[in-house]
Amino acid sequence: MLPWKRALRPLAALLLAVAAAAVVPAATATADASGTAATSSGWNDYTCKPSAAHPRPVVLVHGTFGNSVDNWLGLAPYLTSRGYCVYSLDYGRLPGVPLFHGLGPIDKSAGQLSAFVDKVLAATGAAEADLVGHSQGGMMPRYYLKFLGGAAKVHALVGIAPDNHGTDLNGLTNLLPYFPGAEDLLDAATPGLADQIAGSGFLTKLNAGGDTVPGVRYTVIATKYDEVVTPWRTQYLSGSDVRNVLLQDLCPLDLSEHLAIGLFDRIAFHEVANALDPAHATPTTCASALG
């Protein structure tokens with residue numbers, strides 16, 4: 001691949017994210033003033049009570065430029081149809097920026113997640129929740145677990161293409177020092193993006209002393225075709241009770257990249273379900289795409 005084409009891949013991913021959000025029918029769902037998606041498809045139902053088979057509610061945490069609805073039009077119905085009580089939130093909103101969230105300071109976003117988990121636990125009567133996040137949404141909860149008391153309220157964290165150790169966007173972030181003021185502008189305008197650059201102060205604090213905290217099960221589901229969180233191996237976690245999964249080890253034919261793995265890849269969804277209920281896990285294969 002020509003170097004200029006490789007450099008454009010992250011931009012293409014961003015444009016795909018914007019397009020994916022734009023094409024979602026407006027009538028599908030809306031978000032109320034509290035940042036909770038109001039849907040008619042079975043998730044964010046605060047009358048839902050977890051069953052004996054699935055005793056913990058599942059909180060879905062969207063990625064950068066995502067929101068509580070569009071990010072989960074595939075996975076939320078997949079889980080609710082399997083008997084889970086499923087909830088999603090909006091976080092990291094910037095003033096005057098509708099629809100595209102996850103752009104605010106990530107430590108503040110983690111505080112918003114903390115409040116939302118408390119709300120879900122109060123409504124369902126459960127002692128713990130499970131978290132499933134895409135991209136930033138798979139990494140940001142680790143701040144909640146590590147610094148905001150979340151480990152006592154969360155049983156498992158499943159990260160789909162999470163940027164656990166940041167990203168260099170195929171090397172593009174290495175160009176920032178050559179453009180005076182670019183980093184300051186990024187920090188001021190979209191701190192949630194600046195926090196995700198490999199080597200940022202936020203990530204240095206997050207990963208100091210180890211990737212995990214005791215008492216939480218961690219699963220990372222990655223794709224080698226990820227063009228946003230690069231190098232893709234940096235998504236993996238080290239520590240106790242961690243399972244790192246490469247999608248192509250489960251199905252070599254799966255070509256999903258950063259967006260597809262979270263939005264509609266049913267092979268990845270099957271592995272999410274396995275992570276949420278490992279006692280009843282079944283093999284994830286290419287045939288899982290039909291499940």
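Before we start, one term: a residue is called buried under 20% relative accessible area, exposed over 50%, and partly exposed in between. Keep in mind that the model on your screen is predicted.

Our tour follows salt bridges, and a search of the whole structure finds six of them. Side chains of opposite charge can pair when their charged atoms come close. Let's visit three.

**First stop: Arg 56 and Asp 130.** Select both and show their side chains. They form a salt bridge, with 3.0 Å between the closest N and O atoms. Now look at the backbone around them: Arg 56 sits in the loop between β2 (37–39) and β3 (58–61), while Asp 130 belongs to strand β5 (residues 129–134). The two are 74 residues apart, so this pair links distant parts of the chain. Arg 56 counts as buried because its relative accessibility is 18%, under the 20% limit. Asp 130 is buried too, at 1%.

**Second stop: Asp 90 and Arg 93.** Here the side chains meet in a salt bridge at 3.3 Å, N to O. Switch on a surface if you like: Asp 90 is buried, with a relative accessible area of 9%, whereas Arg 93 is partly exposed at 41%.

**Third stop: Glu 271 and Arg 243.** Select this pair to find a salt bridge with an N to O distance of 2.2 Å. Glu 271 lies in helix α11 (residues 266–276) and Arg 243 in strand β8 (residues 242–246), so the bridge ties together parts 28 residues apart in sequence. Which partner is buried? Glu 271 is, at 3% relative accessibility. Arg 243, at 42%, counts as partly exposed, because that value falls between 20% and 50%.

Methods:
Residues numbered from 1 in each chain as written. Predicted model: local features only at pLDDT ≥ 70, side-chain atom pairs only at ≥ 80, totals over all residues. Heavy atoms only, no water. Salt bridge = Lys/Arg side-chain N within 4 Å of Asp/Glu carboxyl O. Helix = DSSP H or I, 4+ residues; strand = E, 2+ residues; numbered from the N terminus. Buried < 20%, exposed > 50% of the residue type's maximum accessible area, 1.4 Å probe, protein only.
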